Amino acid sequence: MLKKLKIVFGIVLIVCVLVSLVYVVVMKTTDKAPLIFGMSMYRTPYEDMEPEISAGEVVIIKEYAPEDIKYGDVVIYKDVRKNDFIIQQVSKEPYEKDGVYYFTTRGLRPNSVDGIEFSEYELRGKVIYKVPFLGT
């Protein structure tokens, strides 16, 4: 029985490693995390959202239509200036201009950069869950 359990555990471990490898390769080559049931995972790169979300924590995000993002939502977007993903809170009600939605965000940390504006094209999704004990 113990031998069978070790074999099953080994297979599960190998599958997890392979899925993680594919996940990382897809994310690095496409700038988007692969979707699993319409959701994906991101590691929080910065301290902007502390104490709610610490740097290094993993969050689950879900893609939403731009018109479904509201004031107060925590979103992730691609910052083209830093070439990195940023997680911040929507600080003003989103607005539409020439058929394109625009968002303004802020961090919760007192010295974080506020008033960053980006379009729906940089939006990657909305944070729906923080995974405890996963990440750094």
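How exposed is lysine 130, going by its relative accessibility? Lysine 130 comes out at 33%, so this residue counts as partly exposed. Everything below is read off a predicted model.

**View 1. A salt bridge between glutamate 57 and lysine 130.** The closest N and O atoms of this pair sit 3.9 Å apart. It's a link between distant parts of the chain: glutamate 57 belongs to strand 2 (residues 57-62) and lysine 130 to strand 8 (residues 123-135), with 73 residues separating them. Glutamate 57 has a relative accessibility of 17%, and because that is under the 20% cut-off, glutamate 57 counts as buried.

**View 2. A salt bridge between lysine 126 and aspartate 73.** Here the closest N and O atoms are 3.7 Å apart. Once again distant parts of the chain are linked, 53 residues apart: lysine 126 is in strand 8, while aspartate 73 is in the loop between strand 2 and strand 3. Both partners are buried. The count of salt bridges in the model comes to two.

**View 3. Strand 4 (residues 84-90) and the strands it pairs with.** On one pairing, strand 3 (residues 74-79) runs antiparallel to strand 4, with six bridges joining them. These two make a hairpin with four residues in between, and asparagine 83 in that turn has a positive phi of about 55°. Strand 6 (residues 100-106) is also antiparallel to strand 4, joined by two bridges; valine 90 has threonine 105 of strand 6 as its bridge partner. Not much of strand 4 shows, as six of its seven residues are buried.

**View 4. Isoleucine 86 and its surroundings.** This residue sits in strand 4, opposite tyrosine 77. Its relative accessibility is just 3%, so isoleucine 86 counts as buried. Skip the neighbours within four places in sequence, and isoleucine 86 touches Tyr46, Asp48, Val75, Ile76, Tyr77 and Asp79. Tyrosine 42 is 44 residues away in sequence, with a C-alpha to C-alpha distance of 10.0 Å from isoleucine 86.

**View 5. The one cavity of 30 Å³ or more that a search of the whole structure finds.** Rolling a probe the size of a water molecule over the atoms shows where empty space is left. The largest cavity holds about 30 Å³ of space. Its lining is made up of Thr44, Pro45, Tyr46, Asp48, Met49 and Ile87. By type, that lining splits into four nonpolar residues, one polar and one charged. Two names carry over from View 4: Tyr46 and Asp48 line the cavity and are also in contact with isoleucine 86.

Definitions and conventions. Residues numbered from 1 in each chain as written. Predicted model: local features only at pLDDT ≥ 70, side-chain atom pairs only at ≥ 80, totals over all residues. Heavy atoms only, no water. 1 Å grid on protein atoms, 1.4 Å probe; cavity = no way out; pocket = protein on both sides within 12 Å on 5 of 7 lines; lining within 4 Å. Points joined across faces, edges and corners; volume = space filled by probe spheres on them. Nonpolar A, V, L, I, M, F, W, Y, C, P; charged D, E, K, R; others polar. Buried < 20%, exposed > 50% of the residue type's maximum accessible area, 1.4 Å probe, protein only. Contact = heavy atoms within 4.5 Å. Pairing = 2+ DSSP bridges. Salt bridge = Lys/Arg side-chain N within 4 Å of Asp/Glu carboxyl O.
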